[in-house]
Amino acid sequence: MFDSAVNTIRTHIRSNRIDPIETEICGVPIKYENYKHERDTWDEWKPLLEEWLPKFDERNYIDGLNGIHIGDGYMNNSSSQGQYNHNDVIIMIQQNPTFKYPSSFISNTKEYVLLHETVHHTHINSMFDKPARDITVSELNNRQHELRFVSRMKDFDKYVSEYASMNYLEAVAETFSGVVLGNEYPSIIKEHYTELGGPTPIGGWNEEDSVEQSLTRRNINGVWKKETITYKSNAD
Ligand SMILES: [Zn+2]
């Protein structure tokens with residue numbers, strides 16, 4: 001009775017917030033911000049996490065990921081649907097991602113947001129010869145110039161999504177999600193994607209093909225090798 005009185009008060013103070021759901025899937029700690037009115041949402045997130053995390057895990061795509069936090073209260077920037085914080089190595093996602101400009105993205109579903117944010121982790125970690133937490137923002141920005149992203153922007157805008165033309169990280173996250181969700185893109189997009197260091201899409205673009213081989217080679221060498229670029233540009 002005492003417990004229930006305390007719970008009643010606490011619940012009231014936190015305006016319907018109840019204890020977070022904490023679990024672990026494929027070794028990744030999952031936190032779900034639990035509100036009375038958001039309980040149904042966990043029933044949507046759980047099967048998505050259980051479907052996709054093992055697929056990422058099989059490919060070593062979520063090595064080193066410290067957590068996935070689902071809930072508006074976990075977001076640093078409340079206006080974004082999802083975030084990957086490479087310094088803390090954590091993914092944060094809104095409970096019910098809402099899009100102000102829905103047509104700017106390849107999709108607007110929870111599944112899409114999960115794929116998009118998770119591949120940021122995979123991509124950033126495969127591109128640098130050190131752990132994600134040690135990568136600086138200027139290193140990320142410099143890579144953008146080295147990869148000549150500006151000359152590829154138009155193609156991503158035309159064939160993938162407006163958001164994919166923002167920068168090389170969004171280009172990779174949008175394209176990966178698009179391929180995995182069944183979209184088809186012209187070969188120029190695959191070429192750009194490969195040169196931007198995009199990880200082989202799960203179940204797409206023949207996982208055994210040269211994309212994977214070139215990524216593996218790059219990882220072993222630990223450095224970006226300009227001579228492996230086969231990029232053909234129709235821009236300057
Ligand atoms: Zn993103």
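**Close-up views of the sheet and its helices**

**View 1. The antiparallel pair E1 and E2.** Ile21 has Tyr32 of E2 as its bridge partner in this predicted model. Strands E1 and E2 run antiparallel and are joined by seven bridges. Another pair in this ladder is Arg17, which stands opposite Tyr35 in E2. The two strands form a hairpin with two residues between them. Within the turn, Cys26 adopts a positive phi of about 55 degrees.

**View 2. The parallel pair E2 and E3.** Strand E2, residues 28–35, and strand E3, residues 67–70, run parallel and are joined by three bridges. Along E2, Ile30 stands opposite Ile68 in E3, Lys31 has His69 of E3 as its bridge partner, and Tyr32 has Ile70 of E3 as its bridge partner. Between E2 and E3 the chain passes through helix H2, residues 39–58, and this β-α-β crossover is left-handed. Tyr32 thus links two views, as the residue is also the bridge partner of Ile21.

**View 3. The parallel pair E3 and E5.** Four bridges connect E3 with strand E5, residues 90–93, and the two strands pair in the parallel sense. Gly67 has Ile90 of E5 as its bridge partner.

**View 4. The sheet as a whole.** Five strands, in the order E1-E2-E3-E5-E4, form an open sheet with mixed pairing. Strand E1 (17–25) and strand E4 (82–85) stand at the edges with a single partner strand each, so one side of each has no neighbour in the sheet. On average, neighbouring strands of this sheet are turned by 15 degrees against each other, direction ignored. In general, strands of a sheet pair through backbone hydrogen bonds, in either the parallel or the antiparallel sense.

**View 5. Helix H2 on the sheet.** Helix H2 lies across E1, E2 and E3. The helix runs at about 165 degrees to E2. H2 is also the helix through which the chain crosses from E2 to E3.

**View 6. The contact of H2 with H3.** The axes of H2 and H3 come within 10 Å and cross at roughly 35 degrees. H2 passes H3 in a right-handed crossing. On the H2 side the contact is made by Glu44, Trp45, Leu48, Trp52 and Phe56, which meet Lys110, Glu111, Leu114, Leu115 and Thr118 in H3. By class, this contact has six nonpolar, one polar and three charged residues.

**View 7. The contact of H3 with H6.** The axes of helix H3, residues 110–127, and helix H6, residues 168–180, come within 8 Å and cross at roughly 130 degrees. This angle makes H3 oblique to H6. The crossing of the two helices is right-handed. From H3, the residues Tyr112, Leu115, His116, Val119, His120 and His123 meet Leu169, Val172, Ala173, Glu174, Phe176, Ser177 and Val180 in H6. By class, the contact comprises eight nonpolar, four polar and one charged residues. Leu115 of H3 takes part in the contact with H6 and also in the contact with H2.

Note on methods
Residues numbered from 1 in each chain as written. Predicted model: local features only at pLDDT ≥ 70, side-chain atom pairs only at ≥ 80, totals over all residues. Axes fitted to C-alpha atoms, helices over the stretch in contact; angles between N-to-C directions. Parallel < 35°, antiparallel > 145°, perpendicular 65-115°, else oblique. Left-handed = near helix turned anticlockwise from the far one by under 90°. Contact = placed C-beta atoms within 7 Å. Nonpolar A, V, L, I, M, F, W, Y, C, P; charged D, E, K, R; others polar. Pairing = 2+ DSSP bridges. Right-handed = clockwise from strand over helix to strand, strands pointing away.
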